[in-house]
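Student: Please take a close look at a single part of this structure, a pair of packed helices. I would also like a word on the cysteines.

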Amino acid sequence: MRKIFIIGFIAGLAFAQSADEFDVWMRTIDEKNQSVQRNIAGKDAKAAAEDAKALQDTFKLVEGFWKQRGNAQDAVNLAQKAGERAADVARLIAANDFDAASTQSIKIAETCTACHRLYRPLF
């Protein structure tokens with residue numbers, strides 16, 4: 001019985017750590033998506049590209065979180081979709097197509113909203 005309790009406690013700590021990281025990732029996504037939109041509007045290609053890359057990286061972490069958590073394939077798919085849209089933003093910025101990049105960055109936010117409708121609150 002004691003072994004089960006210890007294993008459960010350790011698993012709970014690992015999940016809590018992941019949940020804390022998840023909260024940080026959500027804040028990062030919110031901040032970077034707002035920043036990328038501002039930088040696109042200001043036609044600051046370098047800063048916008050950095051934001052788009054940060055979004056891609058963070059959505060990859062979110063995707064991994066949902067895969068590990070299990071029973072949330074919609075969240076996995078939405079994280080992948082948002083990451084793809086962030087990659088599109090970076091590609092469009094590199095092509096100096098700021099109008100299309102702006103449209104795509106708004107689609108990132110729409111993808112976030114779709115996931116939040118399904119999985120918020122997280123716990």
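Tutor: What follows describes one helix pair and then the cysteines. The model is predicted, and every value given here is computed from it.

Two packed helices are described by the angle between their axes and the distance between the axes. Here the pair is H2, spanning residues 45-69, and H3, spanning residues 73-94; their axes come within 8 Å and cross at roughly 165 degrees. Angles over 145 degrees count as roughly antiparallel, and H2 and H3 are therefore roughly antiparallel to each other. Their crossing is left-handed. On the H2 side, the contact is made by Ala-45, Ala-48, Ala-49, Ala-52, Leu-55, Gln-56, Phe-59, Val-62, Glu-63, Trp-66 and Lys-67. H3 contributes Ala-75, Val-76, Ala-79, Gln-80, Ala-82, Gly-83, Ala-86, Ala-87, Val-89, Ala-90 and Ile-93. Sorted by type, the residues of this contact comprise 17 nonpolar, 3 polar and 2 charged.

Now the cysteines. A disulfide is a covalent bond between the sulfur atoms of two cysteines. The count of disulfides in this model is 0. For Cys-112, the closest cysteine sulfur is that of Cys-115, and because the two sulfurs are 7.8 Å apart, they are too far for a bond; the cut-off is 2.5 Å. Cys-115 is likewise in no disulfide. Buried means under 20% relative accessible area, so Cys-112, at 17% relative accessibility, counts as buried. Cys-115 is also buried, with a relative accessible area of 13%.

Key
Residues numbered from 1 in each chain as written. Predicted model: local features only at pLDDT ≥ 70, side-chain atom pairs only at ≥ 80, totals over all residues. Heavy atoms only, no water. Axes fitted to C-alpha atoms, helices over the stretch in contact; angles between N-to-C directions. Helix = DSSP H or I, 4+ residues; strand = E, 2+ residues; numbered from the N terminus. Parallel < 35°, antiparallel > 145°, perpendicular 65-115°, else oblique. Left-handed = near helix turned anticlockwise from the far one by under 90°. Contact = heavy atoms within 4.5 Å. Nonpolar A, V, L, I, M, F, W, Y, C, P; charged D, E, K, R; others polar. Buried < 20%, exposed > 50% of the residue type's maximum accessible area, 1.4 Å probe, protein only.
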